[in-house]
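Dear colleague,

I am passing on the structure below, together with some notes on what turned up when I went through it. Please read the notes with the structure open beside them.

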Amino acid sequence: WRAWEGAPYSTLVPSDEVTINYRHGLPVITLTLPTRSERCRFTVKPMVTTVGTFLQDVQREDKGIERAEVFATDGSKVSDATLMEVLLMNDFKLVINNTAYSVSPPVKDKLSNEHATEMEDIKSLVHRLFVALHLEDHQIRKEKELLQKLDHLKEELLPLEQMKARITDSADAKTSRLLWVGLALMSTQGGALAWLTWWVYSWDIMEPVTYFITYGSAMAFYAYFVLTKQDYIYPDAKDRQFLHYFYWKSKTQHFNVERYNKLKEDLAEAEESLRRLRQPLHLRLPIQEINDKD
């Protein structure tokens, strides 16, 4: 073994004197303390622990250590502010007093399947413990919040529902009256044409009149299509007239349609959330048990 320039130490020992193993996903650095002559393990957190912190822990463990430094393989000194995660990506030299240790960290991607499986088992156990301890309280708290939200929404919707019912009845009555007026006008027109045809004039005179009346009706239906982009179908025309009366009446009665629709959407969303919350799979209860509670 040969020391390189810029790293004044007298002894370079093999890499097996300092070993790095991963336990529970964390690197464990094992080395021999020079004064105490015993092996000691140091568990580091790669994302938190710095090189300086690690060296301080080593010196704190063995008071006889006067010098502790880390060098890269090219001889450059590693800053104390460097994270251990960065240091463990490559080989390095650990210098304690006058002894240099050659360290070769294992590649994390080549860790044994046993360590990976152990970590997954620990994560699964922690998750199950958290669910067992906090699920019931969370379910009860969430259900209480949803019930309070439902009560609040229903209180806000109650006066709006009553106002909407009155406006709907008024719009429906006006639409029905308009339909009856249209029927009366058509009946009057038919009676007038019959009276003019058989009692006042002859069919030869009235035939062009009826033709232009029919052509005028076709023009009126085409104008309806141009304005509404819809065919003149009686149910659709009735619904359109109903909506016209409804929004006109809402404006005069100061009924906020947008706010009403938003409250209805929030109410439906809260009811759906409560329904999902009470499902047996969410409560982790058998179906029969939750049905007995209802």
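How far apart do the end C-alpha atoms of residues 209-227 lie, and what percentage of the span is helix? They lie 27 Å apart, and the span is 100% helix and 0% strand, where helices (H or I, at least four residues) and strands (E, at least two) are DSSP runs numbered from the N terminus.

This is a predicted model, in which local features need pLDDT of at least 70 and side-chain atom pairs count only at pLDDT 80 or more, while totals for chains, interfaces and linings use all residues. Residues are numbered from 1 along each chain as its sequence is written, and side-chain values use heavy atoms, with hydrogens and water left out.

An unreviewed UniProt entry places the feature "transmembrane region" at residues 178-197 and 209-227, although such annotations may be inferred rather than shown by experiment. Residues 178-197 are likewise 100% helix and 0% strand, with end C-alpha atoms 28 Å apart.

The largest nonpolar core (buried Ala, Val, Leu, Ile, Met, Phe, Trp, Tyr and Cys residues joined through side-chain atoms within 4.5 Å; buried means under 20% relative accessible area with a 1.4 Å probe, protein chains only) has 25 residues, of which Leu31, Phe54, Val70, Phe92 and Leu94 touch the most other members. Helix H1 (51-61) is one of the elements that each supply at least two residues of this core, and H1 gives the most, with four. A second, separate core of 18 residues includes Phe242 and Leu274.

Phe242 is also among the buried residues of helix H5, which covers residues 234-253 and is followed by His254, whose phi is positive, near 60°.

Best wishes

Definitions and conventions
Buried means under 20% relative accessible area, exposed over 50%, partly exposed in between (1.4 Å probe, protein chains only). The expected span of a helix is 1.5 Å times one less than its number of residues.
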